[in-house]
Amino acid sequence: MIGAATGRRIGITGLGVHVPARVMTNDDLAQYVETSDEWIRERTGIRERRIAEPDEALTDIARPAVVAALRDADVEAGSIDLVICATVTPDMLFPTSSALLADELGMPDAAAYDLLAGCTGFMYAVAQAYAMLAAGLSRRALV
């Protein structure tokens with residue numbers, strides 16, 4: 001549970017994840033910039049990262065994660081009334097990635113917007129979803 005507002009418990013009920021298939025190791029990265037696997041791991045703990053293919057958009061990566069999260073929460077897509085997509089790499093500025101996902105996945109009543117924020121974007125989006133739920137402006141949100 002994240003919190004309670006007006007007597008209603010608000011929490012994260014489902015999680016989903018999906019990553020691109022292409023892997024870039026620290027050694028691969030060292031071919032492009034002056035660095036090494038040891039230097040990166042020592043400072044960040046990162047061993048590899050996933051890289052989208054040139055024809056792979058944010059929504060291609062997000063869609064399977066959303067489907068998994070809905071399944072995990074045992075929630076029908078049509079019951080979602082708020083979609084917030086936190087990203088700095090949207091498919092395009094308009095229509096938003098959140099609107100594309102809402103349309104493709106069958107969320108016709110969902111307000112949808114992209115929150116253009118980097119590393120902290122997910123936390124900002126969760127806070128905004130919480131506020132909308134707590135205020136009674138939404139009943140079920142997808143971040």
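**A tour from the surface patch to the cores**

Val-143 is partly exposed, with a relative accessible area of 39%. Buried here means under 20% relative accessible area, exposed means over 50%, and partly exposed lies in between (1.4 Å probe, protein chains only). This is a predicted model, in which local features need pLDDT of at least 70 and side-chain atom pairs count only at pLDDT 80 or more, while totals for chains, interfaces and linings use all residues. Residues are numbered from 1 along each chain as its sequence is written, and side-chain values use heavy atoms, with hydrogens and water left out.

**First stop: the surface**

Keep Val-143 selected; its place is the segment after strand S7 (141-142). Helices (H or I, at least four residues) and strands (E, at least two) are DSSP runs, numbered from the N terminus. Now add Ile-12, Leu-15, Phe-122 and Met-123, which together with Val-143 make a nonpolar surface patch of about 520 Å². Patches are made of residues with over 30% relative accessible area and no salt bridge; like charges are joined within 9 Å, and nonpolar side chains (Val, Leu, Ile, Met, Phe, Trp, Tyr) within 5 Å. The areas come from the Shrake-Rupley method with a 1.4 Å probe, and for residues only the protein chains shown count as cover.

Move next to Asp-55, in the loop between strand S4 (48-51) and helix H3 (58-73). Asp-55 is exposed, at 70% relative accessible area. Select Asp-74 as well: 19 residues along the chain from Asp-55, its C-alpha atom is separated from that of Asp-55 by 31 Å.

**Second stop: helix H4 and the cores**

Select helix H4 (residues 97-105), whose buried residues are Ser-97, Ser-98, Leu-100, Leu-101, Ala-102 and Leu-105. These buried residues pack against H3, strand S5 (82-87) and strand S6 (111-116), where contact means heavy atoms within 4.5 Å. Just after H4, Gly-106 has a positive phi of about 80 degrees.

Which residues have the most contacts inside the largest nonpolar core? Val-66, Leu-70, Ile-80, Val-83, Met-107 and Leu-142 do, in a core of 13 residues. H3 and H4 each supply at least two residues of this core. A nonpolar core is a set of buried Ala, Val, Leu, Ile, Met, Phe, Trp, Tyr and Cys residues joined through side-chain atoms within 4.5 Å. Centre the view on Met-107, which touches Val-66, Leu-70, Ala-77, Ile-80, Val-83, Ala-102 and Leu-142, not counting residues up to four places away in sequence. A second, separate core has six residues, among them Leu-82, Leu-115, Ala-117 and Ala-125.

**Third stop: the salt bridges**

A search of the whole structure finds five salt bridges, each defined as a side-chain nitrogen of Lys or Arg within 4 Å of a carboxyl oxygen of Asp or Glu. Begin with Asp-37 and Arg-41, whose side chains meet at 2.8 Å, N to O. Because the two are four residues apart in helix H2 (residues 37-44), about one helical turn separates them. Asp-37 is buried at 18%, whereas Arg-41 is partly exposed at 33%.

Turn to Arg-50 and Glu-48, which form a salt bridge at 3.9 Å, N to O. Arg-50 is partly exposed at 38%, and Glu-48 is partly exposed at 41%.

Finish on H3 with Arg-63 and Asp-60, whose closest N and O atoms are 3.6 Å apart in a salt bridge. Being three residues apart in helix H3, they too are about one helical turn apart. Add Glu-104 to the selection: Asp-60, Arg-63 and Glu-104 are linked in a network of salt bridges.
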